[in-house]
Amino acid sequence: MEYLILIYADEARYESMEEGQMASLMADFASYTKDLEAAGVLRGGAELAPVASATSVRVRNGKPVITDGPFAETKEQLGGYYLLACANLDEALAWAGRCPVASLGTIEVRPVTA
């Protein structure tokens, strides 16, 4: 079954990181991605542009309403995702717990329905 690993964290936290801290975090992500590949569970993934670049679309009274920014203001923003093929939810949760940002933010795991 496929699962999305949705990575949420406070973007401001990254902006305030020292260069060495950010380099270490990126190295941790590279290692995590290699582990996912080696295990044969990685199907895709990407880092997202900052939330300030988001545009939201809502249809009201049959007309699109376009707004700069995310759908809702939150303390944590969706920063990226991985698409994994795991045997079950327990395996997906185990991989989510190993995500480098799990200690800094929230990792949401969702089954993908076909």
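Which residue just after α2 takes a positive phi? In this predicted model, the residue is glycine 40, with a phi of about 75°. Asparagine 61 also has a positive phi, of about 55°, although it is not a glycine. Most residues other than glycine have a negative phi. Asparagine 61 sits in the loop between β3 (55–60) and β4 (63–68). Its relative accessible area is 80%, so asparagine 61 is exposed.

Helix α2 spans residues 19–39 and holds 21 residues. From its first C-alpha to its last, α2 reaches 30 Å. That is close to the 30 Å expected at 1.5 Å a residue. Four of its residues, Leu25, Phe29, Tyr32 and Leu36, are buried. Seen down the axis of α2, the buried residues fall within an arc of 65°, so they line one face of the helix. An α-helix has 3.6 residues a turn, so residues three or four places apart point the same way. The other side of α2 carries exposed residues, namely Glu19, Gly20, Lys34 and Ala38. Cover for the buried residues of α2 comes from both strands and helices. The strands include β1 (2–9), β2 (42–47) and β5 (77–85). The helices include α1 (11–15) and α3 (89–98).

Helix α2 also takes part in a salt bridge. Aspartate 35 pairs with arginine 98, and the closest N and O atoms are 2.8 Å apart. Aspartate 35 lies in helix α2 and arginine 98 in helix α3, so the salt bridge ties together parts that are 63 residues apart in sequence. Both partners are partly exposed. Relative accessible area is 30% for aspartate 35, and relative accessibility is 45% for arginine 98. The count of salt bridges comes to two. The other joins the side chains of glutamate 108 and arginine 110, at 2.6 Å from N to O. Glutamate 108 is partly exposed, with a relative accessible area of 24%. Arginine 110 is partly exposed as well, at 47%.

Strand β5 contains both alanine 85 and tyrosine 81. Alanine 85 and methionine 1 are 84 residues apart along the chain. Their C-alpha atoms are nevertheless separated by 5.5 Å. Alanine 85 touches Met1 and Glu2. Val41 and Arg43 are also among its contacts, with residues up to four places away in sequence not counted. Tyrosine 81 has a relative accessibility of 31% and counts as partly exposed. With Leu48 and Leu78, Tyr81 forms a nonpolar patch on the surface. Together, the three residues of this patch have about 220 Å² of accessible area.

Glycine 69 is found in the loop between β4 and β5. Is this loop residue buried or exposed? Glycine 69 is buried, with a relative accessible area of 9%. Not counting residues up to four places away in sequence, glycine 69 touches Val51, Ala54, Thr55 and Ser56. Glycine 69 and aspartate 90 are 21 residues apart along the chain, and their C-alpha atoms are separated by 34 Å. The loop between β3 and β4 holds asparagine 61, which is exposed, whereas glycine 69, in the loop between β4 and β5, is buried.

Conventions: Residues are numbered from 1 along each chain as its sequence is written. This is a predicted model: local features need pLDDT of at least 70, side-chain atom pairs count only at pLDDT 80 or more; totals for chains, interfaces and linings use all residues. Side-chain values use heavy atoms; hydrogens and water are left out. Helices (H or I, at least four residues) and strands (E, at least two) are DSSP runs, numbered from the N terminus. Buried means under 20% relative accessible area, exposed over 50%, partly exposed in between (1.4 Å probe, protein chains only). The expected span of a helix is 1.5 Å times one less than its number of residues. The arc is that of the directions from the helix axis to the C-beta atoms. Contact means heavy atoms within 4.5 Å. Patches are made of residues with over 30% relative accessible area and no salt bridge: like charges are joined within 9 Å, nonpolar side chains (Val, Leu, Ile, Met, Phe, Trp, Tyr) within 5 Å. Accessible areas come from the Shrake-Rupley method with a 1.4 Å probe; for residues, only the protein chains shown count as cover. A salt bridge is a side-chain nitrogen of Lys or Arg within 4 Å of a carboxyl oxygen of Asp or Glu.
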